[in-house]
Amino acid sequence: MDCVFCEIAGGGVAADKIFEDEEMVVFPDKNPGAPVHLLFVSKKHGEEFHTVEPAKLEKMLGKVREKIVELGVPYRVALNGMGATQIQDHLHIHLLGKVSAEKPV
Ligand SMILES: [Zn+2]
């Protein structure tokens with residue numbers, strides 16, 4: 001399977017993991033779009049925002065919120081799906097920190 005998130009979740013590709021449990025892994029984006037850019041990635045391939053179990057989404061978003069509180073900086077949260085980016089069918093949440101209102105989405 002040619003999915004970089006599966007490779008990272010499986011340990012085949014090194015990433016600077018800052019959190020990991022049985023369902024998700026958190027690490028900095030290799031091509032950051034903001035001074036802080038973290039990815040919260042499901043360990044399971046084949047799900048997106050609109051198809052994942054709500055309980056799992058709640059857990060992942062809870063982790064995003066935890067990190068936001070910890071960082072304490074202006075932030076943006078982004079989700080893509082249905083082929084909006086090159087990563088397909090693999091749930092991941094972007095947390096961008098220290099963003100500015102001068103560059104809105
Ligand atoms: Zn995958």
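The following paragraphs describe the confidence, the sheet and two unusual backbone angles of a predicted model.

The mean pLDDT of the protein is 93, and 97% of the residues score at least 70. Among the elements, the highest mean pLDDT, 98, belongs to helix α2, which covers residues 54-71. The lowest, 93, belongs to helix α1, formed by residues 4-9. Where pLDDT is low, predicted coordinates should not be read in detail.

Five strands form an open sheet in the order β1-β2-β3-β5-β4, and the pairing is antiparallel. Its edges are β1, at residues 19-20, and β4, at residues 75-79, each of which pairs on one side only. In general, the strands of a sheet are paired through backbone hydrogen bonds, in either a parallel or an antiparallel sense.

From the β1 edge, the pairings can be followed in turn. Two bridges join β1 to β2, the strand of residues 24-28, in the antiparallel sense. Within this pairing, Phe-19 has Val-26 of β2 as its bridge partner. Strand β2 is in turn antiparallel to β3, which comprises residues 36-42, and five bridges connect the two. Here Pro-28 is matched with Leu-38 of β3 as its bridge partner. On to β5, at residues 92-97, strand β3 pairs through six bridges, again in the antiparallel sense. Val-36 lies opposite Gly-97 of β5. In the sheet order, β5 is followed by β4, an edge strand.

Two residues were examined for their backbone angles. Most residues other than glycine have a negative phi. Met-82 has a phi near 55°, a positive value in a residue that is not glycine. This residue is located in the loop between β4 and β5. Met-82 is classed as exposed because 11 other C-beta atoms lie within 10 Å, and the cut-off for an exposed residue is 12 or fewer.

A positive phi is also found at Lys-98, near 65°, again in a residue other than glycine. Lys-98 belongs to the segment after β5. With 13 C-beta neighbours inside 10 Å, Lys-98 is counted as partly exposed, since the exposed class ends at 12 and the buried class begins at 20. Thus the positive phi values occur at an exposed residue in the case of Met-82 and at a partly exposed residue in the case of Lys-98.

Notes: Residues are numbered from 1 along each chain as its sequence is written. This is a predicted model: local features need pLDDT of at least 70, side-chain atom pairs count only at pLDDT 80 or more; totals for chains, interfaces and linings use all residues. Two strands pair if DSSP finds at least two bridges between them. Helices (H or I, at least four residues) and strands (E, at least two) are DSSP runs, numbered from the N terminus. pLDDT is the predictor's confidence in each residue, from 0 to 100.
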